[in-house]
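Welcome! Take a moment to turn the structure around on your screen before reading on. Then we will walk through it together, from single residues up to the whole chain.

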Amino acid sequence: MKKLLIIDDEKNIRYGLKTMIEREFPSMYTITMASNGAEGLDIFKADGADIIITDIRMPVMDGITLLERLSSATGGEKSPAVLILSGYDDFEYAKSAIRYRVKDYLLKPIRRDELFEILKCIDKEQEEQNLSARQQEQEAERFRRELRSSRLRELLMQQEVQLERGQQESLDDLEVPFTVGVLNYYCNDGTRMKPGDVQALVERLMGPLEKCFSEITTDWDGKLVLLGTRKQDFIELSRQAEAKEIMGLSIGISSEGGSLADLRSCYKEACRALQYTFVYPQVNLLNYEDVSQERSNSPLPKEEIRKLLNMLGTEREKEMKNLLAVIFQTEHLKALDLSYLESVGQNINELVLDEVFRVHGEASVEVLKLYRTVGNMYNYRHFHDYYRALENLLLSVSNYIVGVRSAHTEHADMEEALHYIEANYARPLNMAMVSNHVSLNYSYFSEAFKAYTGENFVIYLKRVRIRHAKELLAKDCGKLAEVSEKVGFENSKQFARVFKELEGISPGDYRAKMLSEDFS
């Protein structure tokens, strides 16, 4: 309820206004009254007021003096809305009231509808001011949080912690000791959820993050980063996610940090712990202290990687799969240091896949798209997802190499077939004779020939024979029957039919046309 203060030296006016306002606006105002300016000022200083209705001419302290004292008391901030009452139509009073930003000026006797309308306008204006003030406060708070988040992000990514004055001042209230948690979420299709969506997911599990975690930001890689003073809150988040069967969420947490200078190292610990969830498919939270013990870090198996490269394109799928398992030591996966897996993945990229594309050219769009994803094993939530994708990529690349080699061989075979047709078109030639010549299966040759030339064997042979016939007709070499025989047709009737089919005119018309052009 809003506070309304009525100041008038006439008791019946005070109580009359109070009754009138309470009847029109029930439960809207808490109304207090005073008989002069001095009493009213004391009440205002003690309890405040949102609206003051005051007479001008009063004993002890008049309304204008009251306005002066109110202005000094509030300093212009959060001033009450003041409505002046007067039984005198005195312009000088009005000018004094305007100087103190009075909302309105009413003459006695007061008209109810006019008073109520003014109160409604004051109420509306104050609501708008309050809304604007809340919006400004919210905007200021949002800016403060964004600035703080940005400062934290800068510290997370600095190679060395060197606190500038602005960073120190904006983070000097950082709660210690703290634990850093880094969160990631992989969707079913393998894509990573945006940090804002991860935050919304966590809030559905835990409520507003500010209640549990002292700082909230994101890193440059798009992961959600939380700072909390209680490691138990991260554990509880993990339990809630497990209870709700939210399997895509992964959390890595650091050891405790004791000062702002520890922030970067704690963040790196949390990131490394998060990466280790890569080899623990049934775990959604790992503590850096639990994964930092000494692990196996074998020498890089370069010889085996070289053999893997040699196997591509040889259709030795089973052997290739077995060798890949040996290279990654899949039987001892949880005992391995992540740096070993990272190094193996990088070397397969560089020594196998990049080498294939360097030698054989770029593969299909689908293969290259898969390679861009498999190129970073942390594009996958768990190792077995990455491993299956890599295995699939290697098989696709192997098939690609087989296809490239087949294409080269097939190209040579088709070129030889065309040369053979060109040399023997005048003989009784058929597709079986040509496929035998290049040592290819009849059915396969038929498909390959059409793919290479764009037309089937019969049509292609007709075009070759008619092309040579046109050369003979243009030179007027013998009778039409002789030309037909020279280019391999069984008889002149067949020759005439095919010629008109392909050229649109008869062989005789073609010869006459060519001879007339020679004489013109």
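Glu 245 is exposed, with a relative accessible area of 65%. In this predicted model, you will find Glu 245 in the loop that runs between helix H8 (231-243) and strand S9 (249-253). Its backbone deserves a look too: the phi angle of Glu 245 is near 55°, a positive value in a residue other than glycine. Most residues other than glycine have a negative phi, and most peptide bonds are trans.

Where else can you look for a positive phi in a residue other than glycine? Ser 439 has one, with phi near 60°. Ser 439 sits in the loop between helix H16 (431-437) and helix H17 (442-453), and Ser 439 is exposed, at 64% relative accessible area.

Now for the peptide bonds. The bond joining Lys 108 and Pro 109 is cis, with omega about -5°. Pro 109 belongs to the loop between strand S5 (104-107) and helix H5 (112-157). Another cis bond leads from Val 176 to Pro 177, where omega is near -5°. Pro 177 is in the loop between helix H6 (165-171) and strand S6 (179-185).

Here are some residues to compare by how much of them is accessible.

| Residue | Relative accessible area | Class |
|---|---|---|
| Gln 282 | 72% | exposed |
| Glu 245 | 65% | exposed |
| Ser 439 | 64% | exposed |
| Cys 121 | 45% | partly exposed |
| Cys 271 | 15% | buried |

The cut-offs explain the last column: a residue counts as exposed over 50% and buried under 20%, so Cys 121 at 45% falls in between.

Let us stay with the cysteines for a moment. A disulfide is a covalent bond between the sulfur atoms of two cysteines. How many disulfides are there here? The count comes to 0. Take Cys 271 as an example: the nearest cysteine sulfur belongs to Cys 266 and is 11 Å away. A pair of cysteine sulfur atoms has to be within 2.5 Å to count, so Cys 271 is in no disulfide.

Gln 282, at the top of the table, lies in the loop between H9 and strand S10 (285-287). Gln 282 and His 382 are 100 residues apart along the chain, yet their C-alpha atoms are separated by 9.6 Å. Contacts across the sequence can be counted for the whole chain as well. Among contacts between residues at least 6 apart in sequence, 65% join residues at least 24 apart.

Next, look inside. In soluble globular proteins, nonpolar side chains tend to be buried together. The largest nonpolar core here has 45 residues, and Phe 328 and Leu 341 are those with the most contacts inside it. Several helices give two or more residues to this core: H9 (263-276), H11 (302-311), H12 (317-328), H13 (338-360), H14 (365-374) and H15 (383-424). The largest share, 11 residues, comes from H15. Where does this core lie with respect to domain 2 (174-290) and domain 3 (302-405)? Both domains give residues to the core, so it lies between them.

To see the surroundings of one core residue, select Phe 328. Beyond its neighbours within four places in sequence, Phe 328 is in contact with several residues, including Leu 336, Leu 341, Val 344, Ile 348, Phe 383 and Leu 390. There is also a second, separate core, which has 29 residues, among them Val 438, Ala 448, Phe 449 and Phe 499.

Finally, zoom out. The protein chain has 21 helices and 10 strands. The domain assignment divides the chain into domain 1 (2-128), domain 2 (174-290), domain 3 (302-405) and domain 4 (410-518). The centres of domain 1 and domain 4, taken over C-alpha atoms, are 111 Å apart. UniProt, in an unreviewed entry, lists residues 415-513 as "domain: HTH araC/xylS-type". Over residues 415-513 the chain is 74% helix and 0% strand, and the C-alpha atoms at the two ends are 34 Å apart.

What about the overall dimensions of the C-alpha trace? Along its principal axes the trace spans about 140 × 80 × 40 Å. The radius of gyration of the protein chain is 45 Å, whereas a compact globule of 520 residues would have one near 24 Å. Buried residues make up 42% of the 520 residues in the chain.

Notes. Residues numbered from 1 in each chain as written. Predicted model: local features only at pLDDT ≥ 70, side-chain atom pairs only at ≥ 80, totals over all residues. Heavy atoms only, no water. UniProt positions renumbered as here; feature names shortened; annotations may be inferred. Helix = DSSP H or I, 4+ residues; strand = E, 2+ residues; numbered from the N terminus. Core = buried A, V, L, I, M, F, W, Y, C linked by side-chain atoms within 4.5 Å. Buried < 20%, exposed > 50% of the residue type's maximum accessible area, 1.4 Å probe, protein only. Domains from an automatic or database assignment. Contact = heavy atoms within 4.5 Å. Rg over C-alpha atoms; globule rule 2.2 N^0.38 Å.
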